[in-house]
Amino acid sequence: MTQGQSPKPPAAQAADKQPRSRPGAKKTKRTTPRWVTITRRVLVYAGIPMLFLICLYIGLYIGYVKLGEQPAEEIWQWSTWKHVYDLVFADS
């Protein structure tokens with residue numbers, strides 16, 4: 001035999017790699033309480049939109065207040081964004 005080859009056939013090698021349990025040992029399935037599962041799902045499904053809104057606000061704040069040097073309270077005024085829309089889509 002050359003170096004690197006195993007003396008066992010491939011089927012026997014695959015059987016050796018499977019985990020062995022003790023005889024008589026019961027397999028226990030780890031379950032999480034229902035309230036933990038529900039809380040996790042609520043946080044994931046509500047957390048992603050909240051994260052999106054937080055990032056949107058941070059982007060508006062940086063762009064309008066820091067780069068544009070305008071007051072922060074104008075971010076929430078509809079007339080501000082109507083004016084920005086008119087500037088972007090105005091006919092030249």
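Thr80 lies in helix H3, which spans residues 78-88. The model that contains this residue is predicted. Thr80 counts as buried because its relative accessibility is 8%, under the 20% that sets the limit for burial. Leaving aside residues up to four places away in sequence, Thr80 touches Tyr64 and Glu74. Burial on this criterion applies to 4% of the 92 residues of the protein.

The fold around Thr80 can be described next. The protein has three helices and zero strands, so that the order of elements from the N terminus on reads α-α-α. Confidence varies along these elements. Helix H1, residues 10-17, has the lowest mean pLDDT among them, at 57, while H2 has the highest, at 92. For the protein as a whole the average pLDDT is 81, and 70% of the residues score at least 70. Local features in what follows are taken from residues with a pLDDT of at least 70.

The surface comes next. About 9100 Å² of the protein is exposed, and 63% of that area is supplied by carbon and sulfur atoms. One nonpolar patch on the surface is formed by Ile54, Tyr57, Ile58, Ile62, Leu67 and Trp76. Together these residues have about 670 Å² of accessible area. Tyr57, a member of the patch, is found in helix H2, residues 34-67. With a relative accessibility of 34%, Tyr57 counts as partly exposed, because this value falls between the 20% limit for buried and the 50% limit for exposed. The value is also over the 30% that a patch residue needs.

Tyr57 also leads to the aromatic contacts. A search of the whole structure finds four aromatic pairs. One of them joins Tyr57 and Tyr61, whose ring centres are 6.2 Å apart and whose planes form an angle of 35 degrees. The pair is tilted because its angle is neither under 30 degrees nor over 60. Both tyrosines lie in helix H2, four residues apart, which is about one turn of the helix. Tyr61 is partly exposed, with a relative accessible area of 27%. A second tilted pair is made by Tyr85 and Phe89, at 4.7 Å centre to centre and 45 degrees between the planes. Phe89 is exposed, since its relative accessible area is 55% and the limit is 50%. Returning to helix H2, Tyr57 and Tyr61 belong to one aromatic cluster with Trp76. Tyr57 and Trp76 are thus named both in this cluster and in the nonpolar patch.

Charged side chains supply another kind of contact. Side chains of opposite charge can pair when their charged atoms come close. The search of the whole structure finds one salt bridge. Its partners are Lys82 and Asp86, with 3.3 Å between the closest N and O atoms. That distance is within the 4 Å used for a salt bridge. Like the Tyr57 and Tyr61 pair, Lys82 and Asp86 are four residues apart in one helix, about one turn, but here the helix is H3. Both ends of the bridge count as partly exposed: Lys82 has a relative accessibility of 46%, and Asp86 has a relative accessible area of 35%. Helix H3 therefore holds the buried Thr80 as well as this partly exposed salt bridge.

The last stop is the connection between the second and third helices. Glu69 is found in the loop between H2 and H3. Its phi is positive, at about 55 degrees, although Glu69 is not a glycine. Glu69 is exposed because its relative accessible area is 66%, over the 50% limit.

Terms used. Residues are numbered from 1 along each chain as its sequence is written. This is a predicted model: local features need pLDDT of at least 70, side-chain atom pairs count only at pLDDT 80 or more; totals for chains, interfaces and linings use all residues. Side-chain values use heavy atoms; hydrogens and water are left out. Helices (H or I, at least four residues) and strands (E, at least two) are DSSP runs, numbered from the N terminus. Buried means under 20% relative accessible area, exposed over 50%, partly exposed in between (1.4 Å probe, protein chains only). Accessible areas come from the Shrake-Rupley method with a 1.4 Å probe; for residues, only the protein chains shown count as cover. Patches are made of residues with over 30% relative accessible area and no salt bridge: like charges are joined within 9 Å, nonpolar side chains (Val, Leu, Ile, Met, Phe, Trp, Tyr) within 5 Å. A salt bridge is a side-chain nitrogen of Lys or Arg within 4 Å of a carboxyl oxygen of Asp or Glu. Contact means heavy atoms within 4.5 Å. Rings of Phe, Tyr and Trp (its six-membered ring) pair if their centres lie within 6.5 Å; planes under 30 degrees apart count as stacked, over 60 as edge-to-face and the rest as tilted. pLDDT is the predictor's confidence in each residue, from 0 to 100.
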